[in-house]
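Me: I'd like a close look at one strand and the company it keeps. Could you walk me through its surroundings, and then set it in the context of the whole chain?

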Amino acid sequence: MPHIPLVQKLAPPRRGEAIPTLVHIDPHKPGQEQANIHTRWHPDIPCVGTISPGEPFKVECIDFSGRQVSNDDCADDILDLDHDTDHHLSGPFFVPNAQPGDVLEIDILDVRPFDSQPWGYSVTLPGMGSLDEPDAPPRVTKTIWDFHGVETSSRHVPHVSFHGRPHPGVIGTAPSAEVLAQWTKRESELAQRLEAQGGGREAGVSLPKSRGAYVGQDLDSELREKIYREGARTSPGREHGGNIDIASLVRGSKVYLPVYVPGAKLSVGDLHFSEGDGEPTTAIEMSGIVTLRVTLLPQGVSRLCLRSPMYITSPSEPLYPRRLVFTGLSTLPDGTQTDSGGLEAYRNAALGAIDYLVKFGFTREQAYILMSVAPVETKVVATANRPNFVVSLGLPLDIFHFDISPGGLANAPYTITGPAYLSDERAAQEGNVAGHASGH
């Protein structure tokens, strides 16, 4: 076999020219009214632009909900979120010479909010997060975060501020027809197993669904129907990338994604201003602009032994070295021992941190949100010491405006106003006793 260099030789980038923007969106307009956006993964979605390998380009992205959330002090819009439309992605983009088996090396050069929309939001909603407790589900809440350059703070979670980690929550290549069929098969089989266990057919699984599918292009009606019928939902991350929610993909990082179809068909969206490791509910969701650069690595899948996305971290990622660290074991809430429950170990560490923050005056929902959006560091501590799988969760001390170390408990609790709740009218309709918009 002839030698193929790992990195394709590229023409030098043009100097002194403005970086082109391949997709423009209006952050104030609903996602499903905009061009060059799609909400499903499918190999037949046509490309909306061509990337020049080795040269930077910009992509404008709408928030994951497609502009369903408003900057106000009432959470009624959270109750009305249509999750069949998640996520609204910009693209796909054609990468010249990319062939199945190659890898895209993607430099994350910048991620920032629109100047006209310097805010984002995070959410708690029963059934949405991984820390929900059956006997005490979270209330429906919305938290608005204001951006001040690299820093963020919120009127809905007072006494906290931190430097963000802006990054794309979703970045991925198109699956081939074979890969798409494999995803659908294995996820359908999981749904059937969950149904047999009494969890409902789609408990925890986002199977293909035409409702909410969208491709913002002029398509033949048969092609559109096929994409909507077969397209993979964007909720889970998969081998191609997708909704991998890696908070470390900040400016200066690199991510490596496999190519499954000629031209790769790269898409990006679901921008976040900040996210905690583990993201048990939502990150700080935002609309904004991502700047990328793509290099093609021929035969990179085999040469990098790539099974799922790889990435290189950035020297510009903000770090908070002083942390109060909670640990969790792989035991169930009723005390049942498991021998490989990584999620249970994470839940136990995070729920311990939530219980602790409540002692300082935060609501459980505010603490839940902080687990998801603050620069929390989660580590797998041990996997071989069976039966207990051990996970740690490090809560950064210096993001709080008062001392939350164990020594600071002597001054707790503090008076802390809450997040945005449901209006009294919607709370009554839903039978939710936790109504009242923030400040009422």
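Reply: Happy to. Let's begin with one pairing: Ser 90 has Val 268 as its bridge partner in strand 15. This is a predicted model, so please read everything below in that light.

The contact between these two residues belongs to a wider pairing, in which strand 5 and strand 15 (residues 266-272) run antiparallel and are joined by three bridges. Ser 90 also has a second partner, since it is the residue of strand 5 that bridges to Ile 37. That bridge fits the pairing of strand 2 (residues 37-38) with strand 5, which is antiparallel and holds two bridges.

Strand 3 (residues 49-50) is another partner of strand 5, and here the sense is parallel, again with two bridges. In this pairing, Phe 93 of strand 5 has Gly 49 opposite it.

How enclosed is strand 5 (residues 89-94)? Buried here means a relative accessible area under 20%. Five of the six residues of strand 5 are buried, so the rest of the structure largely encloses this strand.

For a contrast in setting, take His 163, which sits in strand 10 (residues 161-163). With a relative accessible area of 33%, His 163 is partly exposed, because that class lies between the 20% and 50% limits. Beyond its neighbours within four places in sequence, His 163 is in contact with Val 150, Glu 151, Pro 318 and Tyr 320. The C-alpha atoms of His 163 and Phe 273 lie 9.2 Å apart, although 110 residues separate the two in sequence.

Now for the whole chain. The protein chain has seven helices and 20 strands. Of its contacts between residues at least 6 apart in sequence, 79% link residues at least 24 apart. Its radius of gyration is 22 Å, which agrees with the value near 22 Å for a compact globule of 440 residues. Along the principal axes, the C-alpha atoms fill a box of roughly 70 × 55 × 50 Å.

Burial can be viewed at this scale too: 54% of the 440 residues count as buried. The protein chain exposes about 18,700 Å², and carbon and sulfur atoms supply 52% of that area. As for charge, there are 37 positive and 54 negative side chains, with the centres of the two sets 6 Å apart.

To come back to your strand: strand 5 pairs in the antiparallel sense with strand 2 and with strand 15, and in the parallel sense with strand 3.

Terms used
Residues numbered from 1 in each chain as written. Predicted model: local features only at pLDDT ≥ 70, side-chain atom pairs only at ≥ 80, totals over all residues. Heavy atoms only, no water. Helix = DSSP H or I, 4+ residues; strand = E, 2+ residues; numbered from the N terminus. Rg over C-alpha atoms; globule rule 2.2 N^0.38 Å. Buried < 20%, exposed > 50% of the residue type's maximum accessible area, 1.4 Å probe, protein only. Contact = heavy atoms within 4.5 Å. Areas by Shrake-Rupley, 256 points an atom, 1.4 Å probe, with all protein chains shown as cover. Lys, Arg positive; Asp, Glu negative; His and termini not counted. Charge placed at Lys NZ, Arg CZ, Asp CG, Glu CD. Pairing = 2+ DSSP bridges.
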